[in-house]
Amino acid sequence: MHVRIILVEPLDAGNVGAAARAMKNFGFTDLWITGGKTERTDDVSSWWAVGALDVVEGATRVDTLEEALADCHLTVATTAVRMRHVFEQLTPHDVARLAEEQLGDQHRLAIIFGREKFGLSGTEIALCQRTASIPTWPEFPTMNLAQSVAIFCYELGKGLRPRAQDADPAPHRLLQLLNEHTRTLMHEIDFFGEKNPDRVCSEFLAMTGRAALTMREASLLLALVRKLESRTRTMQ
């Protein structure tokens, strides 16, 4: 299993360096940074990344979270905001077990961390298949970015070996296409009615994430939805 750590618009180079060092402590080096904003460019990053400057310098920078998720097979958004409405809240240990059960050696797990000040947006969380948080004290739930990265990497680096060698989980982009076409179909058959389309589609994406669809299953569902879209249009 390959692990990708994604930082969304980090504000401080020191946090990036510390996160890189935490990653390397547990054997992970695939760091992605998304967003147009650039963190400070002084030597703070180098100071905090002692021994792991190669991870910082080798980080892949992209404009959008979608780009960072496109080739991943299991995507997990992290959040510490208890008031935010999400459909599940895995722990770091749960994420490690889930990856062990669903992913083989050739598959990629992405753990997404939000901005230091306000985390991930609701839209960014909705892009991911699962959500997770660190079970902290309710009176002081928010952790430092690098500390959060370290805890997830610790759980993932315990030596868990994937059992699902024959599994072929659907990549993130295929699940997004399924969600997009399903939303279009729902709109065309007036399924939403008084319902909130964003909420309904978020629930649908959560369901497909929990179902751990294989490439074949997701492709079959997408073909079905596309066929229904086509048939619905010819009947109008």
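Contact here means heavy atoms within 4.5 Å. With that in hand, welcome to a predicted model, in which local features need pLDDT of at least 70, side-chain atom pairs count only at pLDDT 80 or more, and totals for chains, interfaces and linings use all residues. Residues are numbered from 1 along each chain as its sequence is written, and side-chain values use heavy atoms, with hydrogens and water left out.

**Figure 1. The whole chain, with its 10 helices and six strands.** Helices (H or I, at least four residues) and strands (E, at least two) are DSSP runs, numbered from the N terminus. Of the contacts in the protein chain with a separation of 6 or more, 86% join residues 24 or more positions apart. Among the 236 residues, 49% count as buried, where buried means under 20% relative accessible area, exposed over 50%, and partly exposed in between (1.4 Å probe, protein chains only).

**Figure 2. The largest nonpolar core, with 35 residues.** A nonpolar core is a set of buried Ala, Val, Leu, Ile, Met, Phe, Trp, Tyr and Cys residues joined through side-chain atoms within 4.5 Å. Ile5, Leu7, Leu31, Leu109, Ile111 and Val149 have the most contacts inside this core. At least two core residues come from each of several elements, including strand E1 (2-8), helix H1 (13-25), strand E5 (108-113) and helix H7 (145-156). H7 gives the largest share, six residues. Apart from this core lies another, of 15 residues, among them Val8, Trp32, Cys72 and Leu120.

**Figure 3. Val149 and its partners from elsewhere in the sequence.** Once neighbours within four places in sequence are set aside, Val149 is in contact with Ile5, Leu7, Ala19, Met23 and Phe113.

**Figure 4. Helix H1, a mostly covered helix.** Of its 13 residues, 10 are buried, including Ala13, Asn15, Val16, Ala19 and Met23. The end C-alpha atoms of H1 are 18 Å apart, which agrees with the 18 Å expected for 13 residues at 1.5 Å a residue; the expected span is 1.5 Å times one less than the number of residues. Look also for Gly17 in this helix, buried with a relative accessible area of 0%. Gly17 and Ala52 are 35 residues apart in sequence, yet their C-alpha atoms are 7.7 Å apart in space.

**Figure 5. Glu124, a buried residue of helix H6.** H6 covers residues 122-126. Glu124 counts as buried because its relative accessibility is 13%. Beyond its neighbours within four places in sequence, Glu124 is in contact with Val8, Leu65 and Arg115.

**Figure 6. Two loop residues, Glu9 and Asp190, with positive phi.** Neither is glycine: phi is near 45 degrees for Glu9 and near 60 degrees for Asp190. Glu9 sits in the loop between E1 and H1, and counts as buried at 16% relative accessibility. Asp190 belongs to the loop between helix H8 (172-188) and helix H9 (197-211), and counts as exposed at 59%.

**Figure 7. The largest cavity, with a volume of about 50 Å³.** On a 1 Å grid over the protein atoms alone, a cavity is a set of points where a 1.4 Å probe fits but cannot get out, and lining residues have an atom within 4 Å of a point. The structure holds one cavity of 30 Å³ or more. Residues lining the largest cavity include His73, Gln102, Gln129, Pro169 and Leu213.

How values were computed: On a 1 Å grid over the protein atoms alone, a cavity is a set of points where a 1.4 Å probe fits but cannot get out, and a pocket is an open set with protein on both sides within 12 Å along at least five of seven lines; lining residues have an atom within 4 Å of a point. Grid points are joined across faces, edges and corners, and a volume is the space filled by probe spheres set on the points.
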